Amino acid sequence: RINDSYIRLTALPENCTELWFSFDMTQAGRNDLGAEFTVKFSDNTLPYIHFDKSGAVAICSSSGAVLYAETTVQPWYGVNKNIEIHIKTGENGRIDIWKDTKLNTSYRSPSDFNGTINMVEICGGVQGQVAALYFAHFILQDTRRIGLEKFKKLTINPDTEQNMPQGSTTTYNLSGLSDATEFSDITSVCAILQATSRDANISTGTFSIEGADVGTIDVSDSSGRDYEIAHAETNSLTGKPWTRDNIEGKTLSFKVNGAS
């Protein structure tokens with residue numbers, strides 16, 4: 001239980017730069033203002049996450065400045081909820097927050113994430129607040145997501161095998177991404193290719209969606225059995241996460257190189 005107190009978790013890998021952190025939470029006491037708590041990561045230079053009594057989520061710098069605010073997380077009373085938090089430092093620094101396996105918040109800013117993670121601390125509500133919070137089932141790991149992440153396979157047209165000469169481009173129309181809420185926050189776009197190379201001068205292929213880079217892969221394998229994967233977490237043209245409007249009905253292009 002947390003009420004004007006804190007839980008500190010320190011069983012983390014040495015020099016940890018990426019962490020998935022999951023816990024269950026229940027607001028046990030009735031309080032119309034909700035319950036308020038903060039999740040901190042330390043070496044004291046990393047951002048922290050504040051769940052406000054109004055139901056909002058704020059990601060704040062170590063000095064307290066608000067870096068990102070999300071208003072769609074509501075307080076919970078008498079019902080157990082699972083929260084999963086992902087923090088990554090360095091060049092691809094980010095914080096993601098899931099509520100009951102649904103991605104609710106995603107903030108990315110490498111300039112703010114420069115330290116190592118050596119401690120996680122959950123701090124309780126404001127002084128004298130009536131609503132108590134109960135936490136359970138803490139899981140911390142540095143290898144992969146703890147909860148569920150949904151993958152959506154898109155429809156491509158044409159969907160038949162294509163023969164591509166040196167320096168050529170093949171285009172595909174993308175469809176099948178619904179406007180359901182679960183697809184409103186897209187963490188990455190992937191393209192998978194199983195190619196059979198019949199030309200030694202073709203070694204790489206590059207995927208893009210409407211000019212936004214998805215990635216370059218090796219297409220030199222001649223066995224026809226290897227799978228190559230390209231992926232992009234952000235739209236290179238906007239510098240922001242992908243949206244449904246960036247993908248649905250748009251053109252995926254695949255270009256191969258030629259003789260040098």
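This is a short tour of a predicted model, with a suggestion at each stop of what to select and what is found there.

**First stop: a strand with two partners**

Begin by selecting strand E2, which covers residues 18–27. Is this strand largely enclosed or not? Of its 10 residues, 9 are buried, so the strand is largely enclosed by the rest of the structure. Keep E2 selected and add strand E7, residues 81–88, which pairs with E2 in the antiparallel sense over 8 bridges. Within this pairing, Ser 22 stands opposite Glu 84 in E7, and showing these two residues together will help you to see how the strands are matched. Then add strand E11, residues 133–141, which is joined to E2 by 7 bridges and also runs antiparallel to E2. Here you can select Gln 27, whose bridge partner in E11 is Leu 133. As a general point to carry along the tour, the strands of a sheet pair through backbone hydrogen bonds, and they may do so in a parallel or an antiparallel way.

**Second stop: an open sheet**

Next, select strands E12, E13, E20, E15 and E16, because these 5 strands, taken in that order, form an open sheet with antiparallel pairing. Which strands stand at the edges of this sheet? They are E12 (155–157) and E16 (212–218), and each has a single partner strand, so one side of each is left without a neighbour in the sheet. If you turn the view, you can look for the angle between neighbouring strands of this sheet, which is 25° on average when direction is ignored.

Now narrow the selection to E15, residues 204–209, and E20, residues 251–256, which run antiparallel and are joined by 5 bridges. Within this pair, the bridge partner of Phe 207 is Phe 254 in E20.

**Third stop: a loop before E15**

From E15, move to the loop between strand E14 (189–193) and E15, and select Ser 197, which is found there. Is Ser 197 buried or exposed? Its relative accessibility is 16%, and because the cut-off for buried is under 20%, Ser 197 counts as buried. Show Asp 199 as well, since its backbone oxygen lies 3.4 Å from a polar atom of the Ser 197 side chain.

**Last stop: a patch on the surface**

Finish by selecting Ile 192, Tyr 227 and Ile 229, which form a nonpolar patch on the surface and together have about 360 Å² of accessible area. Of these, Ile 229 has its place in strand E17, residues 228–232, and this residue is exposed, with a relative accessible area of 54%.

How values were computed
Residues are numbered from 1 along each chain as its sequence is written. This is a predicted model: local features need pLDDT of at least 70, side-chain atom pairs count only at pLDDT 80 or more; totals for chains, interfaces and linings use all residues. Side-chain values use heavy atoms; hydrogens and water are left out. Patches are made of residues with over 30% relative accessible area and no salt bridge: like charges are joined within 9 Å, nonpolar side chains (Val, Leu, Ile, Met, Phe, Trp, Tyr) within 5 Å. Accessible areas come from the Shrake-Rupley method with a 1.4 Å probe; for residues, only the protein chains shown count as cover. A salt bridge is a side-chain nitrogen of Lys or Arg within 4 Å of a carboxyl oxygen of Asp or Glu. Helices (H or I, at least four residues) and strands (E, at least two) are DSSP runs, numbered from the N terminus. Buried means under 20% relative accessible area, exposed over 50%, partly exposed in between (1.4 Å probe, protein chains only). Two strands pair if DSSP finds at least two bridges between them. Axes are lines fitted to C-alpha atoms, for helices over the stretch in contact, and angles run from 0 to 180 degrees between N-to-C directions. A polar contact is a pair of N or O atoms within 3.5 Å; within protein, one must be able to donate a hydrogen and the other to accept it, and residues adjacent in sequence count only if both atoms are side-chain atoms.
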